[in-house]
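Biologist: I'd like to go through this structure with you and ask how each label was earned. Could you bring it up on the screen?

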Amino acid sequence: MLHQLFKFKGGVKPPTNKTQSVTLPIAAAPLPSRLIVPLHQSIGGTPRPVVQAGDKVRKGQLIGEADGWISAAVHAPTSGTVLAVAMQPQPHPSGLDALSVVIEPDGRDEWIDRQPFDYANATPDDTRRYLQQSGVVGLGGAVFPTHGKLTASRSVAMDELIINGAECEPYITCDDLLMRERAADIVRGIGIFRDLLQPKRVLIGIEDNKPEAAAAMRAAVAELGENFEVVSVPTRYPAGGAKQLIRVLTGKEVPAAKRSTDLGVQCFNVATAYTAWRAIAYGEPVVSRIVTVTGNVHAPRNYEALIGTPMDELLALAQPHPDTDGTVMGGPMMGFLVPTPDVPVVKATNCLIAHADRLFPPKAPEMPCIRCGACADACPHELQPFELYWHARAKNFGKTQQYHIFDCIECGCCSFVCPSRIPLVQYFRFAKSEIWAREREKNAADEAKTRFEFKQFREEREKAEKAEKLAKAAAAQAAKKAAEAAAAAADSSPAAPAEAAVDPAQAAKKAAIEAAMARAKAQREAAQPKNTDTLNPQQAEELAAIEARRQAAGLTDAAAGTAAVDATREAKTEE
Amino acid sequence: MMTAPAPFLLKDASVSRVMTQVCLALVPGIAAYAWLVGPAVLIQLVIASLAALLAEAVMLRLRGKPLAMFLSDGSAVVTAWLIALTFPPLAPWWLVATGTVFAIVVAKHLYGGLGQNPFNPAMVAFATCIVSFPALMAQWPSVGLQMPLLDQIDIILGLAPRVDALSGATPLDAMKTALKLGDGEIDVAHLLANQDIYGNFAGRGWEFVAAGYLIGGLWLWQRRLISWHAPLAFIAAFVAISGALWLYHPATFANPLFHLLSGGTMLGAFFIVTDPVSGCTTPRGKLIFGAGAGLLAYIVRVFGGYPDGVAFAVLLMNLSAPVIDLLTQPRIFGMKDES
């Protein structure tokens with residue numbers, strides 16, 4: 001049956017360079033000299049280490065415990081001794097270190113006691129928790145904890161479950177080989193996802209440059225008696241982007257602001273389905289993955305490598321040529337050069353490319369933008385990259401948000417086509433991180449202001465309470481005196497002195513509260529910035545416009561923003 | 001440590017390649033033009049190119065920019081060629097040079113150089129010169145003028161008197177003048193019957209020049225260097241307004257074909273309104289830009305005092321391009337249903 005396909009706009013067709021690494025089957029990489037297993041390997045929280053230096057661990061043993069719902073466990077990839085739980089260099093463009101468990105293998109590669117998960121008798125919640133504890137995360141590159149995506153929207157019926165075997169980035173063939181060799185386990189894993197999400201249909205999208213993989217998947221689906229559809233999609237980068245594949249297979253467009261489940265669709269990578277099945281049927285947590293090792297090497301190939309394997313040891317298996325001058329993790333479109341050659345393979349590592357100028361010539365110098373619009377034609381999210389570039393360059397970040405910078409998926413199509421050789425994606429990353437940083441600063445300032453105001457309130461309250469106590473004491477004394485006087489006056493009217501006794505007490509309390517409120521008001525006004533005292537009419541107008549916008553934006557206290565800076569300062573001096 | 005960011009693969013594209021292709025696309029039109037009025041056109045191309053590169057070099061030096069990188073980007077040559085093709089072919093060398101230098105120095109570099117100019121430099125040159133030197137800019141060679149190359153060079157270099165042979169006008173200008181002089185007595189059909197001037201459609205030989213630009217433009221479109229939006233809107237607007245007025249009063253308004261094939265219509269449609277730097281960039285914006293330029297060009301051409309209106313029309317639309325772009329931002333992926 002021919003499936004109706006939809007098109008996404010934009011996209012590019014770079015040379016695929018996939019044939020080099022598919023000639024040989026997947027090989028198991030030998031045990032490396034040591035393993036560096038970062039605790040933070042998925043989107044979300046950083047798992048807590050549950051081992052310490054000197055501990056003996058077995059293969060598959062928990063070493064990092066999920067610290068929240070969006071977080072996934074981390075396991076020892078082989079048996080051995082924990083050398084350290086310490087900060088280690090990471091395969092991340094930032095070059096920052098992160099907490100990792102360093103393990104020296106004992107060479108025996110001894111598993112823990114593996115128990116299949118009793119899937120048939122488990123509730124869906126149990127299954128999700130089990131997948132979390134098994135460290136199952138999205139292996140397409142985004143490493144989002146899989147269990148977090150296995151809950152359908154309450155209000156929208158689940159129409160389609162999309163399984164992503166498109167693998168659109170050049171050079172990468174790990175999913176291709178996995179589908180060719182282990183299709184049955186993938187299909188069984190998809191069955192788990194299907195059970196949890198209850199979609200109306202399941203579509204497996206594979207780019208049409210991988211006919212062997214598609215055939216293997218079709219055969220496995222037929223053999224297992226599933227009704228999943230294996231659909232060949234046109235080869236065009238980035239057809240394997242989750243949003244693009246959803247669009248191609250269903251016609252649905254998921255905007256940045258929405259979850260795909262809100263549109264009744266969810267998407268998983270084929271390798272994720274595979275690891276989910278390994279965890280459930282064999283009790284094996286995610287301790288290895290398939291990595292394509294290619295580029296400027298003598299023998300490109302796919303390896304099943306342990307998580308934590310130093311990249312240089314893995315790359316050496318493929319025999320890099322002498323002119324190799326770096327290692328790219330990921331594909332040539334979205335990957336990055338790792339900061340040092342020995343950073344570890346992580347769950348997100350789908351491909352290592354030996355970098356050399358011969359394969360990737362140095363870029364010509366950046367020219368000015370000529371607004372030719374090639375980037376806009378290539379953008380799969382139909383953005384206007386040259387406008388974004390213009391505003392990002394000018395650090396006009398508000399404008400970049402107006403031009404939807406957060407809908408950019410950083411696929412690199414714009415940079416790929418740009419005749420002026422502008423590294424557009426770099427500018428967009430810069431703008432995004434600046435916006436996030438400012439957001440954090442603003443939140444910090446808001447928090448400081450809240451703290452300051454609470455402190456002020458507390459001090460006033462204490463003063464008021466003190467005043468009240470004093471007033472009460474005075475009133476009690478007055479009442480006592482009055483009572484004495486009344487006693488002296490013997491049997492005249494008893495009501496009047498009682499009234500007099502209540503009245504002064506209340507009056508004192510009221511006065512104290514009023515005084516406190518007046519002081520608080522005066523102080524708040526004093527906290528206004530001084531430079532607003534001498535405004536020219538134009539500035540005043542601008543200020544009014546800004547406040548109007550702030551109010552429109554739902555910031556209730558118009559003065560809050562202007563006072564926030566002062567408040568921060570006060571709060572700091574207080575600390 | 002290398003810090004070169006992704007993507008590591010790049011398409012084989014560059015600014016100079018874009019500009020070279022634009023120049024190549026002009027070749028059919030240039031060939032037809034040279035055949036029509038003689039090799040003078042080629043001399044003007046050389047003069048304009050030299051003037052443009054010289055002005056570019058001086059400005060780059062003054063602005064402290066790398067000379068080799070920007071001189072070889074080809075943008076100055078494109079500007080120069082467009083100027084040479086819009087000026088009268090036997091205009092004195094200094095007129096072409098002045099226009100070109102003004103375009104490069106003022107319209108391009110004073111606004112920030114490549115990619116920053118709000119106005120189309122070639123059209124700035126044309127507008128400046130036609131306002132400053134109206135007589136010289138209106139001197140076109142008489143139709144069917146046969147003049148040897150050396151004589152043409154002498155005229156361009158000012159070594160020979162500007163003879164009566166140069167008192168001609170473009171068919172467009174001739175039509176307008178004749179209609180004005182005829183003052184209602186002469187109708188368009190009679191004028192067009194004069195095949196010596198107007199040929200079969202719009203001007204003897206000029207149809208071939210227009211066809212040459214059309215071919216080059218279609219090639220650019222096929223190469224995806226330009227999109228169809230602006231040229232089609234430009235031509236459609238021309239056809240719409242000229243067709244409407246022609247149907248309304250055929251005696252005083254020429255037919256759409258005449259307007260499409262004369263003056264700067266085809267050059268404008270494919271090489272001027274498609275300029276990405278000074279034009280609109282959104283698909284709807286390009287449609288508005290093209291249509292606006294077409295309408296204004298017709299109005300200036302038919303009701304104004306200048307021989308053609310494309311330059312002024314394009315400059316006016318250049319002014320509006322930023323706001324048109326702002327108001328026509330396309331809906332993005334996933335947000336097409338939002339109002």
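Biologist: Which residues does Leu26(B) touch, not counting residues up to four places away in sequence?

Modeller: Bear in mind that this is a predicted model. Leu26(B) touches Trp81(B), Leu82(B), Leu85(B), Tyr213(B), Leu267(B) and Phe271(B). Contact here means heavy atoms within 4.5 Å. Leu26(B), Leu85(B), Tyr213(B) and Phe271(B) also appear, with Tyr33(B), among the residues that touch the most other members of the largest nonpolar core, a set of 92 residues.

Biologist: What makes you say where this core lies with respect to domain 1 and domain 2 of chain B?

Modeller: Domain 1 (15–168) and domain 2 (170–326) of chain B both give residues to the core, so the core lies between them. Helix 1 (residues 15–37) of chain B gives the most, with ten residues. Apart from this core lies another one, of 87 residues, including Leu131(A) and Val270(A). As general background, nonpolar side chains in soluble globular proteins tend to be buried together.

Biologist: How many helices and strands does chain B have?

Modeller: Chain B comes to 17 helices and zero strands. Of its 339 residues, 55% are buried.

Biologist: Why is Trp221(B) called partly exposed?

Modeller: Its relative accessibility is 44%. Buried would need under 20% and exposed over 50%, so Trp221(B) counts as partly exposed. Trp221(B) sits in helix 12 of chain B.

Biologist: What makes Trp221(B) eligible for a nonpolar patch on the surface?

Modeller: Patch residues need over 30% relative accessible area, and Trp221(B) has 44%. Trp221(B) forms the patch together with Leu214(B), Leu218(B), Trp228(B), Leu232(B), Leu287(B) and Ile288(B), with about 640 Å² of accessible area together. Helix 12 of chain B supplies the largest share, three residues. Helix 16 (283–303) of chain B also supplies at least two.

Biologist: Over to chain A. Why is Gln88(A) called buried?

Modeller: The cut-off for buried is under 20%, and Gln88(A) stands at 18%, so Gln88(A) counts as buried. Gln88(A) lies in strand 7 (residues 80–89) of chain A, and its contacts include Ile36(A), Leu96(A) and Val102(A).

Biologist: How do you know that Glu65(A) and Arg48(A) form a salt bridge?

Modeller: Their closest N and O atoms are 3.6 Å apart, and the limit is within 4 Å, so the pair qualifies. Glu65(A) is in strand 5 (residues 62–65) and Arg48(A) in strand 3 (residues 48–49) of chain A, so the pair ties together parts that are 17 residues apart in sequence. Glu65(A) at 35% counts as partly exposed, and so does Arg48(A) at 45%.

Biologist: What is the distance for Glu410(A) and Lys432(A), and are these residues buried or exposed?

Modeller: The closest N and O atoms of this salt bridge are 2.9 Å apart. Glu410(A), in the loop between helix 9 (397–402) and helix 10 (413–417) of chain A, is linked with Lys432(A) in helix 11 (residues 424–488), 22 residues apart. Glu410(A) has a relative accessible area of 18% and is buried, while Lys432(A), at 6%, also counts as buried.

Biologist: How many salt bridges does a search of the whole structure find?

Modeller: The search finds 33 over all chains. In chain A, Arg114(A), Asp185(A), Arg188(A), Arg278(A) and Glu284(A) are linked in a network of salt bridges.

Definitions and conventions: Residues numbered from 1 in each chain as written. Chains lettered and ligands numbered in written order. Predicted model: local features only at pLDDT ≥ 70, side-chain atom pairs only at ≥ 80, totals over all residues. Heavy atoms only, no water. Patch = residues over 30% accessible without salt bridge, like charges linked within 9 Å, V, L, I, M, F, W, Y side chains within 5 Å. Areas by Shrake-Rupley, 256 points an atom, 1.4 Å probe, with all protein chains shown as cover. Salt bridge = Lys/Arg side-chain N within 4 Å of Asp/Glu carboxyl O. Helix = DSSP H or I, 4+ residues; strand = E, 2+ residues; numbered from the N terminus. Buried < 20%, exposed > 50% of the residue type's maximum accessible area, 1.4 Å probe, protein only. Core = buried A, V, L, I, M, F, W, Y, C linked by side-chain atoms within 4.5 Å. Domains from an automatic or database assignment.
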